[in-house]
Amino acid sequence: MSNQTLLSLDSLTKRYGTVTAVEDVSAAIRRGELVSFVGPSGCGKTTLLRLIGGFIRPDAGRVVLDGGDITALPPNRRPTAMVFQNYALFPHLTVAQNIGYALAIRRRPRAEIARRVEVLLALVQLQELGQRLPAQLSGGQQQRVALARALSLQPKVLLLDEPLSNLDADLRVQMRAEIKRLQRELQQTVVFVTHDQEEAMSISDRIMVMYQGRILQVGTPSEIYERPATAFIARSVGAVNFLEGVLTNGTPGQATVTTSLGTLAIRSVAEGVGSGERVCLVVRPETIRLGPPDNGMGSNRVLGRIVSSMYTGALIRYSVGVGATRLTVDLYDPRHTAVFREGDQVTLILPEDPHLLPGTNAE
């Protein structure tokens, strides 16, 4: 992946009557990276993708690709290609004909089309299925055909609009890996739209979190997960506990926060937050250690009681009551760890390195 910017979105705005779908969005996407737009339904992520593809025109702002302003160009004149949620394959054409369709309407020589289709069939691992019709394929195979067709003209940017949403859970996981393989192999720049947080985390080089038509934060998956800018973003990428309190000692390395669970030690302090100010600790469920009740000494140990549990195979997710506070705790590999039952008393050890947000951010 290059550090060179390939695609720039400059102050893009799109309105539908009194509704602003995209509001003053600016972003830079690097050559060869896979960027995901994530956020709740109606946040503007698909509208932004369609602005990039030329399917709709902005009310303000520009789309700049490889140094050229493409804002006024229709989709067929942009060096981009879109894979739609429903794949949009031609049911009466074979797999090979679907893949070669864009080349055919551009009147490329038949021999060139045949060579390109052969390469693409191999790329998406459908070499033996070129003469089948779409109805004879599985959902995952149809999606591979749609990807191959989009790649036929070697677009500078590949646009994917929730392409995995129609697949079952196991196949979605397989196709994530397939998309990532293709992207890396071709060094293809990809803009991916999804509402699935796990999907975005697993596939992206960077994530852009959107809400109400704006981009709230841009970062790598680990940055978004471990250092979310707001409580909304923290909720957008996984389960989370929020503990509000007052910073009682703001000295780095020995800071303390007074919370409903007692005084907790933390190692890091948000820049600009001083002693006596309200803060919000972002505590992920997997960072809390859980054990049988004991009287051991140490930082951040509290007693709680199991309220409920959910077994999913790889982990047990507990709801633990500590006074009036409820904490979500994930315990991995339950076959080889203690399993607690509803009503059991337990010891919780909270992390000393939670992400800290200034103010009361849990609303």
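Reader: How many salt bridges does a search of the whole structure find?

Author: In this predicted model, a search of the whole structure finds 17 salt bridges. A pair is counted when a side-chain nitrogen of Lys or Arg lies within 4 Å of a carboxyl oxygen of Asp or Glu, and a good place to begin is E33, whose side chain meets that of R30 in a salt bridge at 3.9 Å, N to O. The side chain of E33 also meets that of R206 in a salt bridge, here at 2.6 Å, N to O.

Reader: Which parts of the chain does the pair of R206 and E33 link?

Author: The pair links distant parts of the chain, with R206 placed in strand β9 (residues 206-211) and E33 in the loop between β2 (19-30) and β3 (34-38), 173 residues apart.

Reader: Are R30 and E33 buried or partly exposed?

Author: The general idea is to read the relative accessible area, where a value under 20% means buried and a value over 50% means exposed, with partly exposed in between. R30 has a relative accessibility of 26%, so R30 counts as partly exposed, whereas E33 counts as buried because its relative accessibility is 0%. R206 is buried, and so is E33.

Reader: Where do R181 and E185 lie, and how many residues apart are they?

Author: Both R181 and E185 lie in helix α5 (residues 169-186), four residues apart, which is about one turn of the helix. R181 forms a salt bridge with E185, and their closest N and O atoms are 2.9 Å apart. As for its surroundings, R181 counts as partly exposed because its relative accessibility is 26%. Elsewhere, D10, R62 and D69 are joined into one network by salt bridges that share partners.

Reader: Which residues is V124 in contact with, leaving aside its neighbours within four places in sequence?

Author: To read a contact, look for heavy atoms within 4.5 Å. With its neighbours within four places in sequence left aside, V124 is in contact with R144, A148, E178, R181 and L182, and R181 is the residue of helix α5 that forms the salt bridge with E185. V124 itself has its place in the loop between α3 (110-123) and α4, and V124 counts as buried because its relative accessibility is 1%. By contrast with those contacts, the C-alpha atoms of V124 and E342, 218 residues apart along the chain, are separated by 49 Å.

Reader: How much space lies in the largest pocket, and which residues are the closest to its centre?

Author: About 590 Å³ of space lies in the largest pocket, and of the 26 residues that line this pocket, T80, A81, M82, A102 and R106 are the closest to its centre. The elements that give two or more residues to the lining are β6 (80-83), α2 (95-105) and α4 (139-151), and β6 gives the most, with four residues. Sorted by class, the lining has 18 nonpolar, four polar and four charged residues.

Reader: What can be said about the chain as a whole, in helices, strands and buried residues?

Author: The chain has eight helices and 20 strands, and buried residues make up 48% of its 363 residues. Its C-alpha trace spans about 80 × 45 × 40 Å along the principal axes. Among the contacts in the chain with a separation of 6 or more, 66% are accounted for by residues 24 or more positions apart. The chain exposes about 17,600 Å², of which carbon and sulfur atoms supply 48%.

Note on methods. Residues numbered from 1 in each chain as written. Predicted model: local features only at pLDDT ≥ 70, side-chain atom pairs only at ≥ 80, totals over all residues. Heavy atoms only, no water. 1 Å grid on protein atoms, 1.4 Å probe; cavity = no way out; pocket = protein on both sides within 12 Å on 5 of 7 lines; lining within 4 Å. Points joined across faces, edges and corners; volume = space filled by probe spheres on them. Nonpolar A, V, L, I, M, F, W, Y, C, P; charged D, E, K, R; others polar. Buried < 20%, exposed > 50% of the residue type's maximum accessible area, 1.4 Å probe, protein only. Areas by Shrake-Rupley, 256 points an atom, 1.4 Å probe, with all protein chains shown as cover.
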